[in-house]
Amino acid sequence: MITEKTNIEVIAFDADDTLWMNETIFSKAQGQYREMLQTYIEPEVLDQRFHETMIRNLQSFGYGIKNFTFSMIETAIELSYGKISGLEIQQIINLGREMLKHPVELINGVKETLHKLSKEFELMIITKGDLFDQEGKIARSGIAHYFPRVEILSEKNEMAYTNILKRYQITTEQFLMVGNSLKSDVIPVCKIGANALHIPFHITWAHEQVEEKEHQNLSYWKAKSIKEVPDLVKC
Ligand SMILES: [Mg+2]
């Protein structure tokens, strides 16, 4: 925990499950998918295979709802040995489409916090996922005006953060990244020597989970709610 005035000038926020709910939408859709296919497949088998398919497909489709939807279809075809009907595939596509249209639900305290921070800091969004979907969510969120800079990346790793800092001429001391994922928002940021703040969300996607040893020696801030950010940065 930092107790003195920091040199932070730019605060970057992750978007999904940091500014607005996301994993809850995916979990709900996966529940409906499970129900839809219960006549063909045991839910546990489906979950496991679906997860594997989605991770494998990240290389082709990247993060986001498109990959989720393609992977639901692919897994259903594989596990039903091709018996799944066109009608059922249509239902899966509809499930994906509903996810894309889902209203953006801001996490409690986001608006007030951004309002306060925007008076003293330059705010940024750094998110990963599907460009079209993320741009749509930012536009519908009602908080886009707080973010003069938005970066939508295919992966959030050390190289990606280094490039952003270089491009905007921000030093590591001036930069704070706030997010719910240790893997994407905290560990790579700490490793390049910048500041990171972890605010966990109640559900973490299995792919974003990391082992304790990967972050136990790193120094970063922790908070339970975004509302704590202004105090942490002495705003
Ligand atoms: Mg996130």
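Helix 6 gives the most to the lining of the largest cavity in this predicted model, putting in 3 residues. Helix 1 and helix 4 (86-101) join helix 6 on the list of elements that each supply at least two residues of that lining. In total, 15 residues line the cavity, and Asn22, Ile25, Met99, His102 and Lys137 lie nearest its centre. The enclosed space comes to about 100 Å³. If you're hunting for others, a search of the whole structure turns up 1 cavity of 30 Å³ or more. Sorted by class, the cavity lining has 9 nonpolar, 2 polar and 4 charged residues.

Now for the open space. The largest pocket has a volume of about 580 Å³. Its lining runs to 35 residues, with Asp17, Asn22, Glu23, Trp205 and Glu208 nearest the centre. Asn22 is thus a name to remember: it is listed nearest the centre of the pocket and also nearest the centre of the cavity. Which elements build the pocket wall? Those supplying at least two lining residues each are helix 1 (23-36), helix 2, helix 3, strand 2 (122-128), helix 6 (131-141) and helix 8 (182-191). The class split here is 9 nonpolar, 14 polar and 12 charged residues.

On to how the helices pack. Two packed helices are described by the angle between their axes and the distance between the axes. Here are three pairs that involve helix 3.

| Helix pair | Axes come within | Crossing angle |
|---|---|---|
| Helix 2 (residues 43-61) and helix 3 (residues 65-79) | 8 Å | roughly 130° |
| Helix 3 and helix 4 | 9 Å | roughly 165° |
| Helix 1 and helix 3 | 12 Å | roughly 15° |

Take helix 2 and helix 3 to begin with. Their axes cross at roughly 130°, so the two are oblique to each other. Helix 2 passes helix 3 in a right-handed crossing. On the helix 2 side, the residues in touch are Val45, Leu46, Arg49, Phe50, Thr53, Met54, Arg56, Asn57, Leu58 and Phe61, and they meet Asn67, Phe68, Phe70, Ser71, Met72, Glu74, Thr75, Glu78 and Leu79 of helix 3. By class, that contact holds 10 nonpolar, 5 polar and 4 charged residues.

What about helix 3 and helix 4? At roughly 165°, this pair is therefore roughly antiparallel, and helix 3 passes helix 4 in a right-handed crossing. Helix 3 brings Ile65, Phe68, Thr69, Met72, Ile73, Ala76 and Ile77 to the contact, while helix 4 brings Ile89, Ile92, Ile93, Leu95, Gly96, Met99 and Leu100. The tally is 12 nonpolar, 2 polar and no charged residues. Met99, part of this contact, also turns up among the residues nearest the centre of the cavity.

That leaves helix 1 against helix 3. With a crossing angle of roughly 15°, these helices are therefore roughly parallel. Helix 1 passes helix 3 in a right-handed crossing. The contact uses Phe26, Ala29, Gln30 and Tyr33 from helix 1, set against Ile65, Phe68, Ser71, Met72, Thr75 and Ala76 from helix 3. Those residues divide into 7 nonpolar, 3 polar and no charged.

Phe68 and Met72 are worth a second look in the viewer. Both of these helix 3 residues meet helix 2, both touch helix 4, and both take part in the contact with helix 1.

Key: Residues are numbered from 1 along each chain as its sequence is written. This is a predicted model: local features need pLDDT of at least 70, side-chain atom pairs count only at pLDDT 80 or more; totals for chains, interfaces and linings use all residues. Side-chain values use heavy atoms; hydrogens and water are left out. Axes are lines fitted to C-alpha atoms, for helices over the stretch in contact, and angles run from 0 to 180 degrees between N-to-C directions. Helices (H or I, at least four residues) and strands (E, at least two) are DSSP runs, numbered from the N terminus. Angles under 35 degrees count as roughly parallel, over 145 as roughly antiparallel, 65 to 115 as roughly perpendicular and the rest as oblique. A crossing is left-handed if the near helix is turned anticlockwise from the far one by less than a right angle, and right-handed if clockwise. Contact means heavy atoms within 4.5 Å. Ala, Val, Leu, Ile, Met, Phe, Trp, Tyr, Cys and Pro count as nonpolar, Asp, Glu, Lys and Arg as charged, and the others, Gly among them, as polar. On a 1 Å grid over the protein atoms alone, a cavity is a set of points where a 1.4 Å probe fits but cannot get out, and a pocket is an open set with protein on both sides within 12 Å along at least five of seven lines; lining residues have an atom within 4 Å of a point. Grid points are joined across faces, edges and corners, and a volume is the space filled by probe spheres set on the points.
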